[in-house]
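Dear colleague,

I am passing on the structure we spoke of, which you will find just below. My notes on what was found in it follow, and I would be glad if you read them with the structure open beside you.

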Amino acid sequence: PMLLFVTRSPWPLLISIGLTLAIGIGSFATRDDRGTPESSASAPDPAGGPAYVAIGDSFTAGGAIGELQPGTGSCLRSTRNYPSLVARELGYVLTDVSCFGATTNDVLHGDDGLPAQVAALNDKTALVTVSIGGNDYGIYTSLMLTCMRTSKPTDPGAPCRTALSSKLAGETSSLAARVGKVLDAVTKRAPKAKVLVITYARLMPPTSTCSAIPFSRPDVGWFASIEATLSKAMATAARNRSLPLV
């Protein structure tokens with residue numbers, strides 16, 4: 001398969017994250033917080049276009065952007081998330097197995113009544129998008145909840161960084177290996193597919209802030225550096241597969 005590494009424009013996903021945060025920041029945690037969701041995955045229509053499988057977490061599922069997909073349950077897959085828009089625009093038959101709060105373990109093994117996301121793949125799959133890793137170790141949950149609780153725009157220091165930097169440094173170091181296991185499973189199950197590794201949209205600007213961000217300026221920069229680390233881990237996993245990158 002061909003593996004591509006794509007960085008998306010953040011604005012559509014920033015809208016998604018804002019809306020899903022409104023539903024409840026606690027949903028960023030583990031599947032235990034969300035009950036047992038239903039899967040909306042279905043076998044592609046062989047008479048339709050090329051088969052496309054979307055793998056990922058809330059950044060892929062999209063949450064409350066327009067209407068939810070039928071049968072999405074607590075996975076909160078939007079009918080206007082990027083897999084749905086891509087499939088409609090390019091004529092692909094979409095199987096969207098992305099799920100709010102999913103981790104790399106959920107992608108590989110499933111959890112709480114949901115099958116593994118990779119189970120939707122087969123040798124007929126033509127396109128796979130993968131965006132996963134931010135929920136491993138509760139990374140995004142820790143960032144959002146701790147920064148919201150401890151950091152204020154008027155703070156001269158970086159209380160969120162002080163609280164989390166040593167913890168997250170150890171956890172993010174193993175992300176490339178975790179994402180790599182997902183990519184290995186994807187390429188094994190879908191040997192003919194083009195695989196696109198999609199980085200997370202950046203929620204924080206790297207060098208400046210604004211009044212809409214409720215964290216101190218030093219914490220905004222540090223938060224952005226953790227987001228960059230996540231993207232780097234995904235890129236490393238892709239490159240370590242010895243497959244072409246674009």
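Over residues 7–44 the pLDDT stays under 50, and for this stretch the model, which is a predicted one, has 89 contacts beyond four places in sequence. Helix α1, at residues 11–23, has the lowest mean pLDDT among the elements of the protein chain, at 41, whereas strand β2, at residues 51–56, has the highest, at 97. For the protein chain as a whole the average pLDDT is 81, and 78% of the residues score at least 70.

As to the overall arrangement, the protein chain has eight helices and five strands, and read along the sequence these follow the pattern β-α-β-α-α-β-α-β-α-α-α-β-α. Of the 246 residues in the protein chain, buried residues make up 51%, while the chain exposes about 10,700 Å², of which carbon and sulfur atoms supply 58%. If one takes the contacts between residues at least 6 apart in sequence, 77% of them join residues at least 24 apart.

Helix α8 is a useful place to begin with the packing of helices. The axes of α6 (residues 159–172) and α8 (residues 217–239) come within 10 Å and cross at roughly 10°; since angles under 35 degrees count as roughly parallel, α6 and α8 are therefore roughly parallel to each other. On the α6 side the residues that meet α8 are Pro159, Cys160, Arg161, Leu164, Ser165, Leu168 and Thr172, and on the α8 side they are Asp219, Trp222, Ile226 and Thr229. By character, the residues of this contact of α6 with α8 divide into six nonpolar, three polar and two charged.

Helix α8 also packs with α5, and here the axes come within 12 Å and cross at roughly 175°; because angles over 145 degrees count as roughly antiparallel, α5 is placed roughly antiparallel to α8. The contact is made by Ile139, Tyr140, Leu143, Met144 and Cys147 of α5, together with Trp222, Phe223, Ile226, Glu227 and Leu230 of α8. The residues of the contact of α5 with α8 comprise nine nonpolar, no polar and one charged. Trp222 and Ile226 are listed in the contact with α6 and also in the contact with α5.

Two residues may deserve a look at their backbone. Leu76, which lies in the loop between α2 (58–61) and α3 (82–90), has a positive phi of about 55° although it is not a glycine, and Leu76 is buried, with a relative accessible area of 14%. Tyr137, in the loop between β4 (125–131) and α5 (139–150), likewise has a positive phi, near 65°, in a residue other than glycine; at 34% relative accessibility, however, Tyr137 counts as partly exposed.

Tyr137 leads on to Arg178, which has its place in helix α7 (residues 175–189) and is partly exposed, with a relative accessible area of 30%. Which residues does Arg178 contact, leaving aside its neighbours within four places in sequence? They are Thr104, Asp136 and Tyr137. The C-alpha atom of Arg178 is separated by 9.3 Å from that of Met234, a residue 56 residues apart from Arg178 along the chain.

With kind regards

Technical notes
Residues are numbered from 1 along each chain as its sequence is written. This is a predicted model: local features need pLDDT of at least 70, side-chain atom pairs count only at pLDDT 80 or more; totals for chains, interfaces and linings use all residues. Side-chain values use heavy atoms; hydrogens and water are left out. pLDDT is the predictor's confidence in each residue, from 0 to 100. Helices (H or I, at least four residues) and strands (E, at least two) are DSSP runs, numbered from the N terminus. Contact means heavy atoms within 4.5 Å. Axes are lines fitted to C-alpha atoms, for helices over the stretch in contact, and angles run from 0 to 180 degrees between N-to-C directions. Angles under 35 degrees count as roughly parallel, over 145 as roughly antiparallel, 65 to 115 as roughly perpendicular and the rest as oblique. Ala, Val, Leu, Ile, Met, Phe, Trp, Tyr, Cys and Pro count as nonpolar, Asp, Glu, Lys and Arg as charged, and the others, Gly among them, as polar. Buried means under 20% relative accessible area, exposed over 50%, partly exposed in between (1.4 Å probe, protein chains only). Accessible areas come from the Shrake-Rupley method with a 1.4 Å probe; for residues, only the protein chains shown count as cover.
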